[in-house]
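User: I'm new to reading protein structures. Could you take a close look at one part for me, a strand and its surroundings, and explain step by step how they fit together?

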Amino acid sequence: MQPQKRRPTKEELAAANSRTLPDIIAPNLKVLFCGINPGLYTAVVGHNFARPGNRFWPTLHAAGFTPRLYLPEEERGLLDLGFGITNIVDRATASAAELSAAELKEGGGRLVEKVLAYQPQVLALLGISAYRVAFGKANAGIGIQEQTIGNTRLWLLPNPSGLNAHFPPQKLARVYQELRIFVDMLE
């Protein structure tokens, strides 16, 4: 059994506002997973998708991306599997709703530059609404997109936040598994 971790204080969370996290990235990844932006909890602990209740790590395992359930502090181990993590917007906020449309569009532009530089096979964007705003694709839906960035395919996935009630864990894993099957076929 894992020891119980100390939860950040209100003061620590407040101090994390606008903090950034480094990308987990390398050239030629199979998939670069792209969140909307880091949450305050994630910024305090310094690891992606670290907030209790976020379903990113369990979903990656359930969908077959990882051989076991990874902990947020093991995020750099994704690189060995051919996966990475970035965000549309770098700065941490209490909620993605705090991001303006202009900030999402600017982040989308920076993301395009990053993808062109690192050339992953697939950019998996984790958040439908944020993608629609950042890339000006109002009718985009889950799955592979017509748009590419250079040779990189874009795949839209639901946000793994525990607050996303539209996608309970099994449904979320099935949708992520569709991407994993696609990536396996590329090899």
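**Into the strands, and what lies around them**

Analyst: Let's start with Q119: its relative accessibility is 49%, which lies between the 20% and 50% cut-offs, so this residue counts as partly exposed. Please keep in mind that you are looking at a predicted model. Q119 belongs to the loop that links α5 (101-118) with β3. Its phi is positive, about 50°, even though Q119 is not a glycine. That deserves a second look because most residues other than glycine have a negative phi.

N28 makes a good companion to it. This residue sits in the loop between α1 (10-15) and β1. N28 also has a positive phi, near 60°, and is not a glycine either. With a relative accessible area of 57%, which is over the 50% cut-off, N28 counts as exposed.

Now step from that loop into β1 itself, the strand I'd like you to focus on. Five of the five residues of β1 are buried. To see how they are arranged, follow the directions in which they point. V31, F33 and G35 point one way, L32 and C34 point the other way, and all are buried.

β1 has partners on which to rest your eye next. With β2 it pairs in the parallel sense, over five bridges. If you look for C34 in this pairing, you will find T86 of β2 as its bridge partner. β1 is also joined to β3, again in parallel, by four bridges. Here V31 has V122 of β3 as its bridge partner. This brings us back to β3, the strand that follows the loop of Q119.

What do the buried residues of β1 pack into? As a general rule, nonpolar side chains in soluble globular proteins tend to be buried together. In this model, the largest nonpolar core has 25 residues. V31 and F33 are among the members that touch the most others, along with F56, W57, F65, L157 and L179. Two or more residues of this core come from each of β1 (31-35), α3 (56-62), β2 (83-87), β3 (122-126), β5 (152-157) and α7 (169-186). The top contributor is α7, which gives six residues. L32, which points away from V31 and F33, is instead found in a second, separate core of 21 residues, whose members also include A130, Y131 and I149.

Pick out L157 if you want to see contacts in detail. Leaving aside residues up to four places away in sequence, L157 touches A124, L125, L126, G127 and I128, and also V175, Y176 and L179.

α7 shows another side as well. Q170 is found in this helix, yet its 64% relative accessibility is over the 50% cut-off, so Q170 counts as exposed. Its C-alpha atom is 8.3 Å from that of A62, although 108 residues separate the two along the chain.

From there, move to the loop between α3 and α4 (78-81), where P67 has its place. P67 is exposed too, with a relative accessibility of 64%. Not counting residues up to four places away in sequence, P67 touches H61 and L81. P67 and L81 are 14 residues apart along the chain, and their C-alpha atoms are separated by 9.4 Å.

Finally, let's look for empty space. Rolling a probe the size of a water molecule over the atoms shows where it is left. The model holds one cavity of 30 Å³ or more, with a volume of about 50 Å³. T86, the bridge partner of C34, is one of the residues that line this cavity, together with L21, P22, D23, P38, N48, I85, N87 and D90. By class, this lining has four nonpolar, three polar and two charged residues.

The largest pocket holds about 670 Å³ of space. It is lined by 28 residues, and those closest to its centre are G39, R51, N54, A94 and S161. Helix α2 (residues 40-45) supplies the largest share of the lining, with three residues. The lining divides into 13 nonpolar residues, 14 polar ones and one charged.

To retrace the route, go back to β1: it is buried along its five residues, and it runs parallel to both β2 and β3.

Terms used
Residues are numbered from 1 along each chain as its sequence is written. This is a predicted model: local features need pLDDT of at least 70, side-chain atom pairs count only at pLDDT 80 or more; totals for chains, interfaces and linings use all residues. Side-chain values use heavy atoms; hydrogens and water are left out. On a 1 Å grid over the protein atoms alone, a cavity is a set of points where a 1.4 Å probe fits but cannot get out, and a pocket is an open set with protein on both sides within 12 Å along at least five of seven lines; lining residues have an atom within 4 Å of a point. Grid points are joined across faces, edges and corners, and a volume is the space filled by probe spheres set on the points. Ala, Val, Leu, Ile, Met, Phe, Trp, Tyr, Cys and Pro count as nonpolar, Asp, Glu, Lys and Arg as charged, and the others, Gly among them, as polar. A nonpolar core is a set of buried Ala, Val, Leu, Ile, Met, Phe, Trp, Tyr and Cys residues joined through side-chain atoms within 4.5 Å. Buried means under 20% relative accessible area, exposed over 50%, partly exposed in between (1.4 Å probe, protein chains only). Contact means heavy atoms within 4.5 Å. Two strands pair if DSSP finds at least two bridges between them.
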